[in-house]
Amino acid sequence: MANTRILKIISFSVLMVVIYAFLRETKYLRYVSSGVQDNYEQNKHLNKTYEIEPYNHIAKSSLNTTNNQLYINSTKHTKEVIGPTTLSKRSSLSINDTQNIELSKEFFKKVAFLKVHKAGSTTAQNIFLRYGESRNLTFVISRIRDNQYDNVISLQSSLNNDNILPPPPNRTFDILCCHVLYNNEAFHKYMPTDTAYIAIVREPFDQFLSTLNYFRPAHILQNIKAENKVFKYLQDPSHFEKTHRWSMTNNRMAFEFGFPSNLFYHYSEEESMDYLRTLDKEFQFVIIMEYFTESVVMMRRILGWTIKDVLYLKKNAARKSYQFVDNTNRYLYERFAKLDYDLYNFFYRRLWLQIEKEGLDFQLELLYFDRLREEVEDYCIFNAHQSKGYYVETSRWSKAFAVTQIDCEYLNMGEMSFVKKIRRRQYEYLQ
């Protein structure tokens, strides 16, 4: 009797396993177990979009957001990045259903980016170059001039007919992201009314030191006769700065933002703040270099772009081997560069006010994006040449997508090569 009962239990268990296996092989459980399509179904769409091989040939992101959990690989950069990755230790953060993808209600396709010198602007610029080139958008490109780099429109003036090429026939400008001075009237003359205005700033003393290292300004590093030339300069910068217009070290960020000229000679906190309030109305967003990732995530939300649109690799990041003066002398520069510090402090505060309004969801996206960016960077550096693509699953903030070899080429491309590529594509009819 007992043996008969045990036999019935075993038979029933086997039957249930068979039924489960049958259902598992069908699409039924795939759609019932989660609110989104499974990896295979998502990837069929990606195959058509990117013309890549089937799913099992694609490296897979280790950021798994199924079952309402965000699993994050805790490892940093490695030379062996072979996906899919099996995570032995996973930290999980509860998030809302991944089916509810939240994007900005407002969408900007056109962008004017104020590319400020030595402020991390080349890394940011690549985001806009990549976005525009992948969509065949029209860029503001400089005229070819002797002794002028392709990525520079002007170091002394804003946009005008003498320093930029007109848009191709039957086109209007979509993207501006090369070096030029900001002037509201000039920018609005060439950019459409539905343009988003973006800029970038950096802590002024660090920006000053980076400028010294890159430009090696003669009025400091050659003309000053002292054992420590930079310290001598910092004791009385005004003595060595004859004009703000031709100097890269006299409140240069404020100069590129178009601050009134009189403020460089006769500082007024009231007038400085008046102009900053004007900029506050004109720029949708200003990136803070020291919080670049936070800024990029916030910018994505403001522009209404996708996660893939704002991925980046660090560009022109000089190793900080230079040591002109130490940080104990920061106060000397702060005493002189009042306009730059007004500018930086103003938009620093605004960034954190904007982030504060986003709540916990922003912090979750930031965590997700930061780790994803590292994965994509490793993939593009070490594995892109031997793989057909890098698959990223659907998350709360983005639909599924693949990072292809072409994406990696664009992410790695230097700005000079990128601008030349755009020039050839955009003005081929002139050649």
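What span should the 24 residues of helix H15 (residues 360-383) have, and how far apart are its end C-alpha atoms? At 1.5 Å a residue the expected span is 34 Å, and the end C-alpha atoms are 34 Å apart, which agrees. This is a predicted model, in which local features need pLDDT of at least 70, side-chain atom pairs count only at pLDDT 80 or more, and totals for chains, interfaces and linings use all residues. Residues are numbered from 1 along each chain as its sequence is written, and side-chain values use heavy atoms, with hydrogens and water left out.

**Helix H15**
- The expected span of a helix is 1.5 Å times one less than its number of residues; helices (H or I, at least four residues) and strands (E, at least two) are DSSP runs, numbered from the N terminus.
- Helix H15 is largely enclosed by the rest of the structure, because 17 of its 24 residues are buried (under 20% relative accessible area, with exposed over 50% and partly exposed in between; 1.4 Å probe, protein chains only).

**Loop between H4 and E5**
- Asn136 lies in the loop between helix H4 (121-134) and strand E5 (175-176), and its phi is near 60°, a positive value in a residue other than glycine.
- Asn170 is found in the loop between H4 and E5 and has a positive phi of about 60° although it is not a glycine.
- Asn136 counts as partly exposed at 43% relative accessibility, whereas Asn170, at 83%, counts as exposed.

**Lys109**
- Lys109 is located in the loop between strand E3 (91-94) and strand E4 (110-114), and with a relative accessible area of 39% it is partly exposed.
- Beyond its neighbours within four places in sequence, Lys109 is in contact (heavy atoms within 4.5 Å) with Tyr131, Leu137, Asp174 and Ile175.
- Lys109 and Leu137 are 28 residues apart along the chain, and their C-alpha atoms are separated by 9.1 Å.
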